[in-house]
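Please keep the model open in your viewer while you read, and make each selection as it is named. The tour moves from one pair of helices to the sheets and then to a few single residues.

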Amino acid sequence: MSTIHWTEMNTPRSAHWHSESATPPPSRVIGADDRTKADAAYRLACEGGALLWRGDFHNARQLLQALGRRIDRKPSRQGGSPAESFHLHRRARGHRARVLGKLLVLLEGDYVLNLRRAPDVRQACAEAYGPPSEPMAVSLTELLGVIGAHQWRTKGVEVPALGARIHPHYGVFSPVRGEYVDLVAQAPFPALVARRAGRRTAFDLGTGTGVLAAVLAHRGIDHVVATDISPRALACAHENVRRLHFTGHIDIVGPGLFPEGRADLVVCNPPWIPALPTSAVEQGVYDPGSGMLRDFLHGLTAHLEPGGEGWLILSDLAERLGLRTRSELLGDIKAAGLHVVDRTDIRPRHPRARDTADPLHSARSSEVTSLWRLASTQR
């Protein structure tokens, strides 16, 4: 168990250190409060030291913003290629996260944040971290993420294809980008599913919040088995299935990718970018070495009923960034004993696609998300 140490009122103190991004505990921690100047805090953070905030909560947020402005004074470098620009952008974001992550707060053993004008974070922390046990220090940026996740979990995300809301949990990718949901809601079912008189079955691999499993059940699939490798995602999907009254139609199993058996339809929306995630939330975006994508493709034939289809939902952003080529994707599909039945494309609607200040704007503005209908080449 990692621990941080600091001195307060000439008394040595310590607390358990927690970081969702597996950041090691800072070796140097000093107290900070409303008298702390932003320039001094910035110098300390850039040198690897950390500040444990003991002042007003709103002033801590203002200090965080001041640190961010100092980081942003140095413009991001542009690479000579889209791939180089992507890696430089991630490096800059990593530096920003490291510096901002040096402003810490202490959660008491019952998750009370004992600062002036601090919100009640007990429920949000219990949802993210589990039952409280002992005092622990976290970065303020992480705590703000926990608070934001609690708000999303409470109000939910409207999904027009369901006519209902999905409630994401902390650390589970939220379905705020609705275009991939719309693709699954509108794609024609394979002939096997359309004409089957008996029970129609589907797998949803990497279900996350359970949104695609719910869409399939809403469209009339009798039995959906949804999987994920994340315990948080499995708990989140269970809750959403219960909220939507699909418990008789959807089973949540895992951790794992493929469940046992075969299905008429196997749907997978893997992380779109072949890069290393640095936090739990990023696992919904980054897929190191395209590992999940390839595992899906190479395991698909063994889990399809004869005449069934696999639906791969994938953005071409990685291609536009020079991180994967279309020929590599088609080669993986062929090597897995599959062929493309059809492909449906949709353009993104999210604000970042229109943000000209984004260093990756050129790639994002031309991004296309596709639903690839795949079938086995075996007869």
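## Helix 2 against helix 5

Helix 2 and helix 5 are roughly perpendicular to each other, in what is a predicted model throughout. Select residues 57-72 for helix 2, and you will find that its axis comes within 11 Å of that of helix 5, the two crossing at roughly 110°; an angle from 65 to 115 degrees counts as roughly perpendicular. The crossing of helix 2 and helix 5 is left-handed. To see the contact itself, show the side chains of Phe57, Ala60, Arg61 and Leu64 in helix 2, which meet Leu140, Thr141 and Leu144 in helix 5. Sorted by class, this contact of helix 2 with helix 5 holds 5 nonpolar residues, 1 polar and 1 charged.

Stay with helix 5 and select residues 140-155, which lie across strand 5 and strand 6 (136-139), with the helix running at about 85° to strand 6. Lys155 also belongs to helix 5, and, leaving aside neighbours within four places in sequence, Lys155 is in contact with Arg165 and His167. If you draw a distance from the C-alpha atom of Lys155 to that of Ala128, 27 residues apart along the chain, it should read 16 Å.

## The sheet of 6 strands

Next, colour the open sheet to which strands 5 and 6 belong: it has 6 strands in the order 1-2-6-5-4-3, with mixed pairing. Strand 1 (3-8) and strand 3 (29-32) stand at its edges, each with a single partner strand, so one side of each has no neighbour in the sheet. Neighbouring strands here are turned by 40° against each other on average, direction ignored.

Within this sheet, select strand 4 (residues 50-53) and strand 5 (residues 103-107), which run parallel and are joined by 2 bridges. Leu52 is a convenient place to centre the view, with Leu104 of strand 5 standing opposite. Then move to the loop between strand 1 and strand 2 (11-17), where Asn10 is placed; Asn10 has a positive phi of about 65° although it is not a glycine. Most residues other than glycine have a negative phi.

## The sheet of 7 strands

Now turn to another open sheet, in which 7 strands follow the order 11-10-9-12-13-15-14 with mixed pairing. Its edges are strand 11 (250-253) and strand 14 (338-346), each with a single partner strand, so that one side of each is left without a neighbour in the sheet. On average, neighbouring strands of this sheet are turned by 20° against each other, direction ignored.

Strand 12 (residues 263-268) and strand 13 (residues 304-315) run parallel and are joined by 5 bridges, and Cys268 stands opposite Leu312 in strand 13. Helix 8 packs on the sheet, where it touches strand 9 (201-205), strand 10 (223-227), strand 11, strand 12 and strand 13, and its direction makes about 175° with that of strand 10. Helix 10 also packs on the sheet, touching strand 9, strand 12, strand 13, strand 14 and strand 15 (369-376), with a direction that makes about 165° with that of strand 13.

In the loop between strand 11 and strand 12, select Pro255, which is joined to Gly254 by a cis peptide bond with omega of about 5°.

## The partners of helices 8 and 10

Which helix packs with helix 8 at an angle of about 25°? Select helix 6 (residues 179-186) together with helix 8 (residues 211-218), whose axes lie 9 Å apart. Helix 6 and helix 8 are therefore roughly parallel to each other, and their crossing is right-handed. The contact is made by Tyr180, Val181, Val184 and Ala185 of helix 6 with Val211, Leu212, Val215 and Leu216 of helix 8; by class these are 8 nonpolar residues, with no polar and no charged ones.

For helix 10 (residues 291-300), select helix 12 (residues 326-335): their axes come within 8 Å and cross at roughly 35°. Here Leu293, Arg294, Leu297 and His298 in helix 10 meet Leu329, Asp332, Ile333 and Ala335 in helix 12, and the residues of this contact divide into 5 nonpolar, 1 polar and 2 charged.

## Zooming out

Finally, show the whole protein, which has 13 helices and 15 strands. Its radius of gyration is 23 Å, close to the 21 Å that the globule rule gives for 379 residues, so the protein is as compact as a globular protein of that length. Along its principal axes the C-alpha trace spans about 75 × 50 × 35 Å.

Conventions:
Residues are numbered from 1 along each chain as its sequence is written. This is a predicted model: local features need pLDDT of at least 70, side-chain atom pairs count only at pLDDT 80 or more; totals for chains, interfaces and linings use all residues. Side-chain values use heavy atoms; hydrogens and water are left out. Axes are lines fitted to C-alpha atoms, for helices over the stretch in contact, and angles run from 0 to 180 degrees between N-to-C directions. Helices (H or I, at least four residues) and strands (E, at least two) are DSSP runs, numbered from the N terminus. Angles under 35 degrees count as roughly parallel, over 145 as roughly antiparallel, 65 to 115 as roughly perpendicular and the rest as oblique. A crossing is left-handed if the near helix is turned anticlockwise from the far one by less than a right angle, and right-handed if clockwise. Contact means heavy atoms within 4.5 Å. Ala, Val, Leu, Ile, Met, Phe, Trp, Tyr, Cys and Pro count as nonpolar, Asp, Glu, Lys and Arg as charged, and the others, Gly among them, as polar. Two strands pair if DSSP finds at least two bridges between them. The radius of gyration is taken over C-alpha atoms; the globule rule is 2.2 Å times the number of residues to the power 0.38.
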